[in-house]
Amino acid sequence: TAKNQGLVGETPSGYLEAVKSPSPEVKALIDSINTKRKQKFKDIAARNNTSLEAVEQLAGKKAIEKSTPGSYIKIGGSLQQK
């Protein structure tokens, strides 16, 4: 829902980032989701005998590709609408 509302965007690193200064609720949501993602990425990296960074980059690329038009993605260092 936060993505659809334009509050957060996907980044090439595989994690969410706030589009603007986040409210405490949005910041807590981002932190929670990113913590869960990092754990999942670590599990995938261990299972595939690869680096966490490689998994993060692949996940980020896929998340950006899957993002719907109008949602925010990070390109060239700034979040912009897809």
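Which residue follows α1, and is its phi positive or negative? Asn-49 comes after the helix, and its phi is positive, near 50 degrees.

Before the exercises, some ground rules. This is a predicted model, where local features need pLDDT of at least 70 and side-chain atom pairs count only at pLDDT 80 or more, while totals for chains, interfaces and linings use all residues. Residues are numbered from 1 along each chain as its sequence is written, and side-chain values use heavy atoms, with hydrogens and water left out.

**Exercise 1. Check the length of α1 and work out what its buried residues pack against.**

Step 1: Helices are DSSP runs of H or I with at least four residues, and strands are runs of E with at least two, numbered from the N terminus. α1 covers 24–47.

Step 2: The expected span is 1.5 Å times one less than the number of residues. For the 24 residues of α1 that comes to 34 Å, and the end C-alpha atoms sit 35 Å apart, which agrees.

Step 3: Now pick out the buried positions (buried is under 20% relative accessible area, exposed over 50%, partly exposed in between, using a 1.4 Å probe and protein chains only). In α1 these include Val-26, Ile-30, Asn-34, Phe-41 and Ala-45.

Step 4: An α-helix has 3.6 residues a turn, so residues three or four places apart point the same way.

Step 5: Look for contacts, meaning heavy atoms within 4.5 Å. The buried residues of α1 pack against β1, β2 and α2.

**Exercise 2. Trace the salt bridges around Glu-10, then find one that joins two strands.**

Step 1: Set the rule: a side-chain nitrogen of Lys or Arg within 4 Å of a carboxyl oxygen of Asp or Glu. The count comes to five salt bridges.

Step 2: Start at Glu-10, which is buried at 2% relative accessible area. Its side chain meets that of Lys-3 at 3.1 Å, N to O, and Lys-3 is partly exposed at 29%.

Step 3: Glu-10 also pairs with Arg-37, at 2.9 Å, N to O. That pair links distant parts of the chain, with Arg-37 in α1 and Glu-10 in β1 (residues 8–10), 27 residues apart. Arg-37 is partly exposed, at 22%.

Step 4: For the strand pair, try Lys-74 and Glu-17, whose side chains meet at 2.9 Å, N to O. Lys-74 is in β3 (residues 72–75) and Glu-17 in β2 (residues 16–18), 57 residues apart. Glu-17 is partly exposed, at 30%.

Step 5: Put the shared partners together: Lys-3, Glu-10 and Arg-37 form one network.

**Exercise 3. Describe the lining of the largest pocket.**

Step 1: On a 1 Å grid over the protein atoms alone, a pocket is an open set of points where a 1.4 Å probe fits, with protein on both sides within 12 Å along at least five of seven lines; lining residues have an atom within 4 Å of a point.

Step 2: The volume, the space filled by probe spheres set on the points, is about 340 Å³.

Step 3: There are 15 lining residues, and Phe-41, Ala-59, Gly-60, Lys-62 and Ala-63 lie nearest the centre.

Step 4: α1 and α2 (52–66) each supply at least two lining residues, and α2 gives the most, with eight.
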